[in-house]
Amino acid sequence: MVVAFIQRAIMQGIPLLFGSTGEILTEKSGNLNLGTAGVMYVGGISGVIGAFLYEQSVETLNPVLAVLIPLLSSMVGSLFMGLIYAVLTVTLRANQNVTGLALTTFGVGFGNFFGGSLIKLSGLDVPSITLTQTSLFFKKSLPFADKLGWFGEIFLSYSFLAYAAVAIAIVMSVYFNRTRSGLNLRSVGENPATADAAGINVGKYKYASICLGSIIAGLGGLYYVMDYACGIWSNDAFGDRGWLAIALVIFAIWRPNLSIVGSILFGGLFIVHNYIPNLSMSAQELFKMTPYVVTIIVLVIISMRRKREYQPPESLGLSYFREER
Amino acid sequence: MSTQVAIELKNITKTFGNVVANKDVNLTVNRGEILSILGENGSGKTTLMNMISGIYFPDHGQIFINGEEALIKSPKDAFDYKIGMIHQHFKLVDVFTAAENIVLGLEEKGRYNIKKSTAEIQKICDKYGFDIDLNKKIYEMSVSEKQTVEIVKVLYRGADILILDEPTAVLTPQEIKKLFDVLRNMRKDSKSIIIITHKLNEVLEISDKVSVLRKGEYIGTVQTSEANESILTEMMVGKKIDLNIERSDVEEKADRLLINNMCYVSREGVKVLNHVTFAARSGEILGIAGIAGSGQRELLESIAGLRKLKHGSIIYNNPKNGNQENLRDKTPVEIRELGVRLSFVPEDRLGMGLVGNMDIVDNMMLRSYKKGKGVFLERKGPKDLANKIIDELEVVTPSANTPVRNLSGGNVQKVLVGREIAASPTVLMAAYPVRGLDINSSYLIYNLLNEQKEKGVAVIFVGEDLDVLLELCDRIVVISSGQISGIVDARTTTKEEIGLLMTKTDGGEKNEQ
Amino acid sequence: MSSNNKVHEPLFHVVKRSNIPTWKSWIIRGLSILVALIICGLVTVIMTGENPFEVYGTMIKGAIGTERRIWTLAQNTAILLCVALAVTPAFKMKFWNIGAEGQVLVGGLATAACMIFLGDKLPTWLLFIVMFATSMLAGALWGFIPAFFKANWNTNETLFTLMMNYIAIQIVSYFCYEWSVPKGSGHIGTINGATEAGWLPAIGGKAYLCNILIVAAITVFMYVYLKYSKHGYEISVVGESENTAKYIGINVKKVIVRTMIMSGAICGIVGLLMVSGTDRTLTRDTAGGRGFTAIMVSWLAKFNPIYMIFTALLLVFLQRGAGEISTTFGLNESFSEILTGIIIFFIIGSEFFINYSLKFREKEANK
């Protein structure tokens, strides 16, 4: 049962990991994107639209296309969301909080709208959006995983997107700390005026990190629907995972490598109530609160300790205007 | 043209609106030479340097680098000409290490390897004698270490011409000595260095030649070997100009505010005020002269209850009941509740004295909004006051309901001074009250201060124009690096005397440490 | 030489405007809404294939087509407006309270608790007093906690209040199970359906009138509070410049905590209006995202309570109208959120043209 628990916790954690690494990338450039929840919704539904149209258009699915089409359409959808946010907050210097919240409204609405109207809009005669076939391709795990007992189940039983999430987080961690461009990016989020003076193109870095961050976050939505939910889209099922991803950013104190551990922990906290015997339905709800409580505690501790390395990027939430020094 | 010349400026002129910041400035700096640029505040030193480093572009004139005409349109262009500037306000990322800050933004070939870069930077440090831990984070550093990082950053980028904007303002004597050693090493390495300063002894100590600017105009250049303090002071302050500011004599004077041994240490641990002692008397305008940043701001804000002192006392003699109150460690509200009528016109008019987005009426209320019982504001009084000030001080504004942000600088100041005077203060402090104002508004402010003095108010006037200080004030306290370097009678002193006191680094008085 | 220089400079550069006439800024906003409505119309036409006039007609019909619809519109506007009023003082202070959602929920929770446990024990007038008191207290507590940490340790309030929302949601979920009827269903169902104890009364047969009147009173209160009270004045000063606040001796910490307590308390009242005046039940969706929408309402109205009536009306009108389009054309009701999003994007974007202007180099050179 412990093995099953860890496995489920990891599967719960993967969408959060995508979301939080994407958001960390965005925040490192000094942009607090509260629209992540919306971005993840759009990432999910865009993949669904791609997969649905492909499944409906051919008799038998080509495995490569069946993965590639939803993947690409998901990325295009999230990129679109990222661009909206970037144009508004970077070019037009709009308030980041308001823009982010509007993006969430828009994104969740977009997801639920197409989730609810896709069949009607496409004019096809199917009862519900069930992409079981596509999902099977997404869920493909390593063939020898089930032969290795508990080890295989805990470490090897996941789909490629799950490993991609971990890989992205690790790569990003290396990128921030070990590359010149990562250093430049962090300086943009910390002190854009200094970065500007050092000859770094602040706008370009902000755009790039917002767009790429959105694409990564959007993959979380795709993973959720294709893998976790077995290809079945139901409106609002994605729930508050987008906000939980933002919480995870704080919990991981803006470090993608800590985010990996954090996502599994959050995933575990999210489902632990299922594994505690004799827990009433009501008490389960209280258990679901723990990730948020933990996040608040972390938030309070880092603000009290004031250790500089644990703080959010210094210019987070502020727009940069060169002539306003 | 000799190849020795590293940089030459010819007839550089720059204007901002109606203000001429630099007029026909000519300079040359040779390789392996240190040039000091000397001048009072507002003499255009920094503007001039900003044109060399690509932040501003000159209106007229030419810049030659190594004998060829150069167009410097951005910091990047300046960098391409191997010009590096160390600004007064450091441009560093706090959470990065020194080495990370130094390599920031560089497009070097090959893989990013901070260890390798650190080793290369270390070589530069060793060469010039910088003593710094390159793996230390900026936020853990002292001001002097940060400055070192800035200098190394410029050198690492291959600069041959270094500009330092008031590098010694924030350093201790020992740190200054170290910095000068490093500068001499760089001179040996045939770098050209331009250093902006207003401390005469440093100028004489470090530089090969001195160029003097005064009110944007280029006065001249002298070889340091042929200069001495009095020659430089005279060049810097110029001859006295008659302004015809009225100065009345008030018979009855009494000590109103006694500042005793005031010491203030900034959050960064810098001693900003060091054993400051003086008295402000009623019926007198007490001038405070000094180079900007010598502690004037902290002095006034400490008196106003906005800063916590380390040492000393602020004794107020209440003229009504003869009580003595110590204002130290009291908040502005507590000071007011003691019945102390202290008015303060701060340097930062729209950031502190007034709220830019509020209209004149609401700004009138800042001091008085708590008056009266009940939870509601009383706007009648402030409105009358606003109209009165608009009338009497001839504030140009569409109405009393115009946000003060939309007023011109002079009118903003009239509103602020008007409000502070309306509280019928017994002590009135004004920091640079005529900065940026046209002549008419300036005289209006002088008259207002004189009126207050005649009413028996103790006026403290922080100014930068020595001519004004000499004609307006009764006594002048000269402050230098947070210490009082002299208190002089404005009626008998000379401009040169004040100039010398301002640039004295060691207060001259006993240093109790 | 100077002409040489011009070639390399960009055609225009962005300058911060110092001031812009109010009428001009409203024209810019109005234009942005107009453009947004056209885009919305286009999107709708693409989705439905109907001609645009029919689409707009459907929207108007959906929002104000019948008397009942007008009442629903007014009721929804009132509730949204009330949340917006609650968050406004905090925003004026530059305190980013995005926790209205949670503050509303705990207020609703307190109301539901009173209705369930005290419904048949207290006389009606006393019950209402207790309900108002507890719901305001609960909301105030939810506002106080992040404010306390912000004031003392500068803890990031945006993230803190955001987390508080989800804690509130889970606590409400907990009680939804605890109090569920039938047991274990997770739904509380209509509270006091038989006795109607603790239900805000229908005035003149209009179920929602009571809500609307309460919100109207709060609107007037907030307008007066912000504009004419000493507290409101302090809030403005703190929000505009903390330096000025210190200069005149305002205790900034106290103002932050006090304002957030009030912000939370008004959210608590919204919870009461939802539970006692509208839904007669409590679910985890009682706040329904209004906490977030309200931020946009308040921000779009430049924190002016009177303008907020119109921004709230605009958003609710859109929601209702788009809802009608969804029903008529068999689309999902979330269509309204897409339209809302588009309109808000445009209004947010238009602020740029109010705060900044584009200056062309040549012009500047001639000056």
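This passage walks through a predicted model, from its chains and their contacts down to a few single residues.

A good place to start is chain C. Its fold contains 15 helices and 2 strands. Taken along the principal axes, the C-alpha atoms of chain C fill a box of roughly 90 × 60 × 35 Å. Of the 367 residues in chain C, 51% are buried. Sequence separation is also informative here: among contacts in chain C between residues at least 6 apart in sequence, 78% join residues at least 24 apart.

Chain C also meets chain A, with 46 residues of chain A in contact with 43 residues of chain C. On the side of chain A that touches chain C, two or more residues each come from helix H3 (63-91), helix H4 (96-122), helix H11 (241-251), helix H13 (281-287) and helix H14 (290-305) of chain A. The most is given by H4(A), which supplies 17 residues to that side. In character, the residues of chain A on this side divide into 27 nonpolar, 12 polar and 7 charged.

Turning to chain B, the assignment gives domain 1 (5-237), domain 2 (252-341 + 425-513) and domain 3 (355-423). Domain 2 of chain B is thus written as two segments, 252-341 and 425-513. Over C-alpha atoms, the centres of domain 1 of chain B and domain 3 of chain B are separated by 44 Å.

Several strands of chain B can be followed through their pairings. Strand E1 (residues 5-16) of chain B pairs with strand E2 (residues 19-30) of chain B in the antiparallel sense, over 8 bridges. Within this pairing, B:Leu9 has B:Leu27 in E2(B) as its bridge partner. E1(B) is also joined to strand E4 (residues 60-65) of chain B, again antiparallel, by 5 bridges. Here B:Glu8 stands opposite B:Phe64 in E4(B).

B:Gly61 also has its place in strand E4 of chain B. Not counting residues up to four places away in sequence, B:Gly61 touches B:Leu9, B:Lys10, B:Asn11, B:Ile12 and B:Thr13. B:Gly61 counts as partly exposed because 18 C-beta neighbours lie inside 10 Å, whereas a buried residue needs 20 or more. The C-alpha atoms of B:Gly61 and B:Gly220 are separated by 17 Å, the two residues being 159 apart along the chain.

B:Ile86 lies in strand E6 (residues 83-86) of chain B. This residue is buried, because 22 other C-beta atoms lie within 10 Å. B:Ile86 and B:Leu164 are 78 residues apart in sequence, yet their C-alpha atoms are 4.9 Å apart in space. Leaving aside neighbours within four places in sequence, B:Ile86 is in contact with B:Gln147, B:Glu150, B:Ile151, B:Val154, B:Ile163, B:Leu164, B:Asp165 and B:Pro167.

The last feature is the nonpolar interior. In soluble globular proteins, nonpolar side chains tend to be buried together. In this model, the largest nonpolar core has 364 residues, and those with the most contacts inside it are B:Met429, B:Phe461, C:Cys82, C:Val83 and C:Val270. The element that gives the most to this core is helix H10 (residues 202-228) of chain A, with 15 residues. As for B:Met429, contacts beyond four places in sequence are made with B:Leu300, B:Ile303, B:Ala304, B:Phe344, B:Val345 and B:Ile460.

Note on methods: Residues numbered from 1 in each chain as written. Chains lettered and ligands numbered in written order. Predicted model: local features only at pLDDT ≥ 70, side-chain atom pairs only at ≥ 80, totals over all residues. Domains from an automatic or database assignment. Contact = placed C-beta atoms within 7 Å. Helix = DSSP H or I, 4+ residues; strand = E, 2+ residues; numbered from the N terminus. Nonpolar A, V, L, I, M, F, W, Y, C, P; charged D, E, K, R; others polar. Pairing = 2+ DSSP bridges. Buried ≥ 20, exposed ≤ 12 C-beta atoms within 10 Å, placed from the backbone. Core = buried A, V, L, I, M, F, W, Y, C linked by C-beta atoms within 7 Å.
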